[in-house]
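Reader: Please give a close look at a single part of this model and treat it in one connected account. I should like each term to come with its cut-offs.

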Amino acid sequence: MTRTKTKSLWLLGILTWTVLGLFSAAQNATWRVFMGRPIDWGSILPNSLGDWLTCGMFTPAFYWMARRFPIRGGRWWTRLPVHLAGSIAFTLLKVSVWTPLFNLLNPGESRTYSQILFSGFYADMLAYWAAVGVIHAIEYYRESRERELEATRLALENLRAQLQPHFLFNTLQSISTLIHRDQAAADRMLTDLSDLLRLSLRSTGSQEVPLREELAFLERYLDIMRVRFGDRLVIAVEADPDVREALVPSLVLQPIVENAITHGMADRPDIGHVAVRARRDGGSLQLEVSDDGPGLSSVAPTNGIGLTNTRERLTRLYGRAGRVETLPGAGFTLRISIPFKLTADS
């Protein structure tokens, strides 16, 4: 990845200096037209490109100077003399390379080192300061982007860390309701909870996991819920085979399913149904969780730490491409849409 990025930067640098050379050639040609002189592209183009590409040879040195002596931060003005000396040194070295090249391209009008130096001294100095200024802007953007990504990573870790104790507390609360009424059932729930925690620790630090791992984690959680509600809870999970390797945010389904069970089973004596579906729709992956409870008439089914964190995580991970929406119909259905991708770089 680093090698590819380095090649891209080199190509961008060569392209930039080439474009500057072409602009210089166009300016020279325009000036000749204005002065009524003939345009000799065979001379103008090689000279302009040669002049600017000779400047481009020093781009690594420009980068080194900008990073080693940045003109920013505290006491930034103390680095200006260093860059002034650097610009003079660049001009002298650049002319020493450009002089023989110029004479090679123009055998009929040979020039000395001094002639080329003083005819383009200020332009070469300006080229140095412009290049260093652009590099400062690029470095500032890169560092700003890195800080933004780091802040996003820390925020995502914080949101994910909140989800684990959230479901753990709720699960322990479920176990406590059974421990005096059905010790065997409470024991099974504790065993399932240990498996659940093992799966949770295995994905620590991973913001995205394959859907199959998320479904495996969800299945352990559902085993606990089946013990708690028994035959009163019917859960169906459907996932197309072609989406099981797609990446999803870790712990994305559990809080939504928990919400569906909590509000879908709220104080009802009959059987409650919860369905989980995963499918691909073009370039997006859609995850739907629905229940046959009272729907929107129940107590704010889309609130709570789990779903609030899910919304924020989707926004941070995918921007506008990550959506949470409710669907009309009986009961309550929540749909998550995220970009479909099989690897972190796709």
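**The mixed sheet and its surroundings**

Author: Helix H8, residues 211-229, lies across strand S2, strand S4 (272-281) and strand S5, and runs at about 170° to S2. Helices (H or I, at least four residues) and strands (E, at least two) are DSSP runs numbered from the N terminus; angles run from 0 to 180 degrees between N-to-C directions of axes fitted to C-alpha atoms, for helices over the stretch in contact. This is a predicted model, in which local features need pLDDT of at least 70 and side-chain atom pairs pLDDT 80 or more, while totals for chains, interfaces and linings use all residues. Residues are numbered from 1 along each chain as written, and side-chain values use heavy atoms, without hydrogens and water.

Helix H9, formed by residues 253-264, also packs on the sheet. H9 touches S2, S4, S5 and S7 (contact means heavy atoms within 4.5 Å), and its direction makes about 20° with that of S5.

The sheet itself is open and has five strands in the order S2-S4-S5-S7-S6, with mixed pairing (two strands pair if DSSP finds at least two bridges between them). Its edges are formed by strand S2, residues 233-239, and strand S6, residues 323-327, each of which pairs on one side only. From one strand to the next, the twist averages 15°.

Strand S7 deserves separate treatment, and its two pairings may be taken in turn. With strand S5, residues 284-291, S7 pairs in the antiparallel sense, and eight bridges join these two strands. Within this pairing, Leu-285 has Ile-338 of S7 as its bridge partner. With S6, S7 also pairs in the antiparallel sense, here over five bridges. Arg-323 stands opposite Ser-337 of S7. The hairpin of S6 and S7 leaves four residues between the strands, and in this hairpin Gly-329 takes a positive phi near 130°.

Where within this arrangement does Thr-333 lie? Thr-333 belongs to strand S7, which spans residues 332-339. Its relative accessibility is 11%, so Thr-333 counts as buried (under 20% relative accessible area; exposed is over 50%, partly exposed in between, with a 1.4 Å probe and protein chains only). When residues up to four places away in sequence are not counted, Thr-333 touches two runs of neighbours: Glu-288, Val-289 and Ser-290, together with Glu-325, Thr-326 and Leu-327. Thr-333 and Val-274 are 59 residues apart along the chain, yet their C-alpha atoms are separated by 9.6 Å.

Ile-338, the bridge partner of Leu-285, leads to a further helix. The C-alpha atoms of Ile-338 and Leu-317 are separated by 9.3 Å, with their positions 21 residues apart along the chain. Leu-317 lies in helix H10, which covers residues 305-318. Its relative accessible area is 25%, and Leu-317 is therefore partly exposed, whereas Thr-333 of S7 is buried.

To draw the parts together, S7 stands between S5 and S6 in the strand order. S7 pairs in the antiparallel sense with S5 over eight bridges and with S6 over five bridges. Of the helices described, H8 lies across S2, S4 and S5, whereas the contacts of H9 extend to S7 as well as S2, S4 and S5.
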